[in-house]
Amino acid sequence: MKILLCQSDLVWESRTENFQSIEAQIDSETRKVDLIVLPEMFPTGFCTEPEGVAESHDGPSLQWMRSIALRRDAAVVGSVATCEGENYYNRLYFVYPDGHFLKYDKRHLFTYGGEHHHYTHGSERVIAEYKGWRFLLQVCYDLRFPVYARNRNDYDAAIYIASWPSVRLYAWNTLLRARAIENLSYVIGVNRVGVDPKCSYSGGTLVADYMGVIMGEASPDKVSTLYMELDMDKLNQFREKFPALNDRDDFELK
């Protein structure tokens, strides 16, 4: 599985500028990739007050993701402030190359930043199956809640997209590795750089393997991309050698 991680500097509430800059990032990688991963709320930055900014479920950001997926023949992942009925969602889209998609609504809303005052939390755990891989879909603050990400022998890699501030970057780096170790899975973490009206961001985009070893990471504090290859054979060999998932506790959360 060949993946491209985009560590972007997002212009506040400027969809057009963000589309242009991220597309330039994507096009800077000329190698064939299977999966492209973007930060949380990549069209706007992390806006906790979505009124006037949020899109309909089939809005321009989803259409843009579809166009990139088709042109690059790759799946595209990112989240968008979305309005559905009277509710707002921090919605992650996993868009397949043929244009169909899965959606995951962020489960754990960031109460410290007031996200819960405007958004509705999701209730469905979502795993995307793609090219023989199974990806658990997660957004930012979800990273702090390991029970929700618990591997039930049903995923091979977890994707975390985020707007994780610089002041708490140590937690980001530590928790990504912890999720990889405890779930015997690859972990893909994509964070942004730059500033918004409330926070500054210094990246920390990385991929960790099933032992928690960092396979690669983007340049800190810079707009950059990270190209990585995940190996299913190595993952399966490690799980067979060290079958800790078989000893997991026998409860499940709905």
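**Exercise 1. Packing around α3**

Task: in this predicted model, find what covers the buried residues of helix α3.

Solution.
- Start with the cover: it includes strands β8 (157-161), β9 (186-190), β11 (200-202) and β12 (206-208), and helix α4 (232-241).
- Next, list the buried residues of α3: L169, A171, W172, L175, L176, R179, A180 and N183.
- Now look down the axis of α3. The buried residues fall within an arc of 160°, so they line one face of the helix.

**Exercise 2. Span and end of α3**

Task: compare the span of α3 with the expected span, then state which sign phi takes at L184.

Solution.
- Helix α3 covers residues 169-183, with 15 residues.
- The expected span uses 1.5 Å a residue and comes to 21 Å.
- From first C-alpha to last, α3 reaches 21 Å, close to that expectation.
- Move on to L184, just after α3: its phi is positive, about 45°.

**Exercise 3. Cysteines**

Task: determine how many disulfides a search of the whole structure finds, then examine C47 and C83.

Solution.
- The search of the whole structure returns zero disulfides.
- Take C47. It is in no disulfide, and the nearest cysteine sulfur, that of C83, is 12 Å away.
- Apply the cut-off: a disulfide needs two cysteine sulfur atoms within 2.5 Å.
- Take C83. Its closest cysteine sulfur, in C47, is 12 Å away, which is too far for a bond.
- Check burial of C47: its relative accessibility is 1%, so C47 counts as buried.
- Check C83: its relative accessibility is 25%, so C83 counts as partly exposed.

Conventions. Residues are numbered from 1 along each chain as its sequence is written. This is a predicted model: local features need pLDDT of at least 70, side-chain atom pairs count only at pLDDT 80 or more; totals for chains, interfaces and linings use all residues. Side-chain values use heavy atoms; hydrogens and water are left out. Helices (H or I, at least four residues) and strands (E, at least two) are DSSP runs, numbered from the N terminus. The expected span of a helix is 1.5 Å times one less than its number of residues. Buried means under 20% relative accessible area, exposed over 50%, partly exposed in between (1.4 Å probe, protein chains only). The arc is that of the directions from the helix axis to the C-beta atoms. Contact means heavy atoms within 4.5 Å.
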